[in-house]
Every structure is written in structure tokens, then in C-alpha cells.
Amino acid sequence: MTAYDLLVAPFADFGFMRRALVGVMVLSVGAAPIGVFLSLRRMSLTGDAMAHAILPGAAIGFLIAGLDLLAMTVGGIAAGLLVALLTGLVARTTVLREDTSLAAFYLISLALGVLIVSWKGSSVDLMHVLFGTVLALDDAALLFIAGIATVTLLALATVWRALVLECVDPGFLRVVSGSGAATHMVFMVLVVLNLVAGFQALGTLLSVGIMMLPAAASRFWARDVGGLCAVAVLVAVLSSMAGLLVSFHANLPSGPAIILVAGGIYIVSVLLGPVGGLVPQRLPAPHRAG
Amino acid sequence: MLNRLGAAPGAVHAAAVRFRNATVGYDRHPAVHHVDGDIEPGSLVAVIGPNGAGKSTLLKAVAGLIQPIDGEVRVEGCPRRRIAYLPQQSEIDRSFPIPVFDFVAMGLWRTVGLFGAFRRPSDVRVAEALGAVGLAGFERRTLDTLSGGQMQRVLFARLMLQDSPLILLDEPFTALDDSTAEALLDLVLRWQAEGRTVLTVLHDLGQVRAAFPTVMLIARRVVAFGPTDTVLTPAALRTARQMTEAWDDDAPVCRHDGPDHRHAAPGHGHAAHRHEAAP
């Protein structure tokens with residue numbers, strides 16, 4: 001088997017592989033920087049919780065229109081935004097903190113979702129919702145994912161300074177500008193949008209993977225926010241390509257394959273990453289004079 | 001050099017703070033109540049008092065972060081968003097990977113904002129501010145590599161860039177060595193010389209006597225307010241020390257007839273917090 005057979009042929013020969021590749025790569029560009037900010041704000045698990053929160057919306061869409069991407073997407077976005085909004089509202093107006101408030105709402109949402117799916121779906125359908133269908137992305141889905149990635153990048157470019165400031169010194173932002181809450185909401189909306197885009201390709205459970213694993217890995221390769229985002233995007237794109245190839249050659253489901261490759265890169269980063277990786281930390285290095 | 005950072009004396013609009021029977025606190029319990037007094041434009045005031053006296057809470061009210069329960073805290077000559085405020089316990093996430101340069105540059109928020117371009121003059125101003133606090137060469141260091149004293153100097157550099165007519169400092173010199181504290185105090189004095197109004201919470205009475213012309217001594221109420229030597233009397237300090245710190249959950253509603261004020265009681269009365277911009 002030549003390198004061409006191994007790396008290029010699957011994409012050159014099969015349209016569905018090309019579509020899958022484009023879909024996940026475009027998804028990576030938007031989702032990875034969002035993951036970086038989630039991790040910097042110690043909200044790494046928020047993505048996971050929000051992914052669960054999306055479920056009932058997708059399920060209601062499914063209930064109304066069957067396995068229709070548009071209906072499930074609209075439902076997912078609505079449910080995700082509702083949970084994000086309620087969480088923010090309770091966290092900012094009562095004694096509950098953001099994490100507790102989110103936990104409460106996402107659990108309610110998740111239970112509702114499971115209830116709705118089991119009420120009228122077969123287990124095959126449930127598997128679709130949970131694990132996605134990256135190899136069956138149609139034009140509409142591709143355009144949708146690309147649209148969300150575009151919105152994400154434009155929005156990030158717009159709120160970048162406020163977002164960094166809200167992460168590093170929220171008190172200061174509160175004094176110099178009233179935009180703290182607005183910035184946070186814009187960010188949460190981006191999280192929801194990217195998760196919904198992700199569940200088209202990877203399913204509700206795994207869409208968080210392409211967001212968080214590259215972000216986690218990037219901490220071992222870069223020192224500032226811009227660098228982290230660049231590394232995270234690169235890791236996500238590489239994982240997408242490698243994951244699809246692995247899934248093609250080994251006849252494995254593509255979603256888990258992509259996320260597992262990202263997981264592998266994460267573990268290598270923890271071990272060998274030059275910024276605080278375990279091995280570089282332990283290498284004898286004489287300290288400098290000043 | 002500093003003139004380019006902070007503008008020449010006189011160019012800074014003078015800001016005043018006026019307390020009118022102001023009560024600030026939490027959950028209807030006053031941290032400090034019935035505060036009256038005027039902090040005139042360009043003055044340098046030390047706010048002192050025992051722990052729990054309400055110093056930080058008073059400063060937060062001036063910064064507009066909390067509303068007075070009763071009475072009025074009015075800031076004149078400085079819109080709320082322009083006030084430079086250094087909290088005692090900041091919410092800064094020092095593990096966030098951001099270089100010192102970028103962090104200090106946040107002080108330019110008012111002029112640069114969300115989208116403003118960051119051109120050479122801005123770079124120069126940030127570099128000058130870092131130079132003024134003795135941190136030239138620290139531009140690329142990240143926050144997590146700084147010592148406590150270095151971090152405090154970084155915060156002062158940012159305050160400097162905010163170029164505010166009203167500067168509020170909550171225990172700015174705590175946990176600093178003598179030379180760092182002296183260097184930062186020099187900056188504070190220079191701010192006043194430039195015409196800015198500076199309100200500083202302090203504990204070091206020696207420092208207050210040496211450098212601050214005006215003192216507000218509080219102990220959940222104003223014990224004394226005025227020129228330093230008239231305020232820091234043994235009697236006043238003894239009074240302040242005898243303050244009760246505890247909240248009494250069953251405390252009766254406070255009845256107080258201020259010297260020149262209408263009868264007022266804490267609760268949700270005609271609380272107001274107004275900031276008026278300079279004309």
C-alpha cells in the first residue's frame with residue numbers, strides 16, 4: 001500500500017469521505033478556539049453539560065419532523081440557548097454559582113431529552129442523535145457547519161478583547177465597561193452553536209471532543225491566547241483528517257475515531273509538550289544566572 | 001515623560017466626591033452609615049479605620065460597584081466608567097496566559113476600546129508606564145511568573161494608563177517591601193500633583209502622617225474627617241478602635257439626625273448614586 005493509497009485515495013475516490021473531511025475541518029476551525037476559552041475560564045466541563053442540554057431540543061425536532069437535520073438543529077439551538085440563558089440569569093441574580101446553576105438546568109434538560117426520545121424513537125434513532133453521522137453530511141449540513149464556523153470566527157474577532165479581559169480580570173471590565181454580562185452571553189451562544197454544529201457530524205456526546213481535546217493539548221505547546229487557539233485549530237484539523245483515515249481503513253465509526261485521535265494527541269502533549277509537559281519538566285536543565 | 005502619560009497639571013479635569021448622609025452596606029446592615037463630607041477636586045485623602053470599618057465598601061460605592069442603601073454618593077467631574085479603581089482583592093486570574101504588556105494595555109480601554117487600532121503611540125505609552133513602575137523589560141513575561149510586588153506594580157502601570165481624574169486605591173501598599181511601597185507612593189503623590197483626586201485606604205499611620213494631607217477616619221461611621229493632624233488625635237483613634245464589628249440581626253432601625261440633613265433611616269429610601277460628567 002503506497003502513501004497515496006493510505007492518505008489520499010480515500011478522499012480522492014469517495015465523495016462521502018471528502019464531504020466528511022470538509023465538514024469536520026471547518027467545524028474544527030470554529031470549535032477549537034471556543035474550547036481554548038472554555039478551558040481558560042475553567043469551564044471545560046461546561047461544554048459537556050451544554051451538549052447534554054441540547055438533547056431535548058434535538059429530540060423534539062426529531063419528534064416533529066423525524067430524522068430531519070434542520071428540525072433537530074433548530075430544536076438543539078433553542079434548548080441550548082434556553083439553558084445558557086436560564087443558567088446565566090440564576091447565577092447572576094441569586095446565590096447559586098454558574099456551575100451549580102448549569103448542572104441543575106442541564107440535568108433537567110437531559111432527562112427531558114431522554115424521555116422524549118424514548119417516547120417515540122427506536123434505539124437506532126437514538127444512536128444517530130447521540131453519535132452523529134459524519135459520513136452522511138448533506139449539502140445543507142455542510143453549509144450549516146460552515147455558516148456557524150464563519151459566525152464564530154467573526155464574533156470571536158469582535159469580542160476578543162472583552163472576552164480576554166472578562167477571563168483575566170472580570171472586576172476591571174465591570175468598572176471600565178458594562179459589557180461583561182453581554183460578552184459572557186455572546187460566548188455561551190457561540191458554545192451552543194458550535195456544539196449543535198458538532199452534533200451534526202459527531203453526535204451530541206462526542207461534539208464536545210473536537211472542542212475540548214485540542215484545547216487541552218494546546219496548553220502544552222503555546223504560551224499566549226492567540227498561540228493556544230492556533231495550536232488547537234491545528235490539532236483539531238489533524239485529528240479530523242487522521243481520524244477519518246483510521247475509520248476508513250479500519251472500518252471503525254468515524255466520530256469516535258476522530259475524537260480518539262485527538263485524545264492520542266492530547267496524551268502525547270501531556271507527556272512531551274515543551275510547555276510544562278511531563279518529560280520536558282523532568283529533563284535536567286541547568287538554571288540561568290538571572 | 002510622565003506628562004505624556006498623564007497629561008500636564010491642569011489638563012486633568014478635577015473630580016470631586018460628595019457624600020450626603022450616605023449609608024452603604026449589605027443586606028440592609030450598614031458597613032458604614034451616615035457618611036457626610038466632600039472630597040474636593042485634586043485632594044489626596046487617606047481613608048483609615050479598623051478592619052470591618054467599612055473602608056472598602058465605601059470605596060466600592062464611590063466606584064459605583066454598589067448602590068448606597070440610603071443617602072447619596074456623588075462623583076462629579078468623572079464619568080463612572082472613567083474611574084480608576086484598584087480593589088483590595090482583585091479577581092485577577094493570574095494563571096491566564098497573558099503577557100504583562102497586554103495586561104497593562106487594558107488600561108487604554110477607554111481610548112482603544114473593543115476595536116481601536118493599537119498603534120505605535122499606544123505601544124510607547126504602555127512601555128513608558130512599565131518603565132515608570134520599574135518593570136521595563138517585563139513586557140513579554142506572563143502574569144504567573146510575577147512576584148506579588150511586581151504584580152502590584154503592573155496594576156499601578158495599568159492605573160496610570162487609565163489616565164483618570166479620580167483614582168481609588170484599596171490598601172495598595174499591603175504586603176509590599178519598603179522600597180516598592182515608596183516607589184508606588186511616589187506615583188500616587190505625582191498623580192495628585194497632576195491634579196487628580198486620589199482616595200486611598202491605608203493602615204500605616206506613619207505613612208499617612210508623612211504623605212497624606214487629608215484623612216477620613218471611619219469606624220462604621222465617620223469618626224473624624226479633615227486635615228491629617230486634626231484627625232489623628234489619640235482620642236479619635238481610641239474611639240475608632242472601640243467600634244463594634246458584629247452585625248446585630250435584631251438591631252433596631254437606625255434613627256439618625258444628621259447635622260444638616262432630614263430625618264433619615266436605613267432601608268430603601270431615596271437612595272441615589274449619581275455620576276456627573278465634567279461639563
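Student: How far apart are the mean positions of the positive and negative charges of chain A?

Tutor: They lie 13 Å apart, taken over 13 positive and 12 negative charges. Lys and Arg count as positive, Asp and Glu as negative; His and the chain ends are left out. Each charge is placed at NZ of Lys, CZ of Arg, CG of Asp or CD of Glu.

Student: What kind of model gives these values?

Tutor: The model is predicted: local features need pLDDT of at least 70 and side-chain atom pairs pLDDT 80 or more, while totals for chains, interfaces and linings use all residues. Residues are numbered from 1 along each chain as its sequence is written, chains are lettered from A and ligands numbered from 1 in the order written, and side-chain values use heavy atoms, without hydrogens or water.

Student: How many helices and strands does chain A have?

Tutor: Chain A has 12 helices and zero strands. Both are DSSP runs, numbered from the N terminus: helices are H or I with at least four residues, strands are E with at least two.

Student: What makes chain A as compact as a globular protein of its length?

Tutor: The radius of gyration is 20 Å, and the globule rule gives 19 Å for 290 residues. The two values are close, so chain A is as compact as a globular protein of that length. The radius is taken over C-alpha atoms, and the rule is 2.2 Å times the number of residues to the power 0.38. Along the principal axes, the C-alpha atoms of chain A fill a box of roughly 65 × 60 × 30 Å.

Student: Why does L176(B) count as buried?

Tutor: Buried means under 20% relative accessible area, exposed over 50%, partly exposed in between (1.4 Å probe, protein chains only). L176(B) has 15%, so it counts as buried. L176(B) sits in the loop between β6 (166–170) and α7 (178–193) of chain B.

Student: Which residues does L176(B) contact, leaving aside neighbours within four places in sequence?

Tutor: They are G149(B), Q152(B), A181(B) and L184(B). Contact means heavy atoms within 4.5 Å.

Student: How do you know whether Q162(B) is buried or exposed?

Tutor: Its relative accessible area is 7%, so Q162(B) is buried. Q162(B) belongs to helix α6 (residues 148–162) of chain B. Beyond four places in sequence, Q162(B) touches F172(A) and V176(A), as well as R82(B), I83(B), A84(B), G107(B) and R110(B).

Student: How many residues of chain A and chain B are in contact with each other?

Tutor: 25 residues of chain A are in contact with 26 residues of chain B. The area buried between the chains is about 2300 Å², and carbon and sulfur atoms give 61% of that. In chain A, R161(A), V168(A) and V175(A) lose the most area to chain B, together 31% of what that side buries. Buried area is the accessible area (1.4 Å probe) that two parts lose on being put together, summed over both.

Student: What do the buried residues of α1(A) pack against?

Tutor: They pack against α2 (15–40) and α10 (225–250) of chain A. A9(A), P10(A) and F11(A) are buried in helix α1 (residues 3–13).

Student: What share of the residues is buried in chain A, and what share in chain B?

Tutor: In chain A, 50% of the 290 residues are buried. In chain B, buried residues make up 56% of the 279. Chain B has 10 helices and 10 strands.
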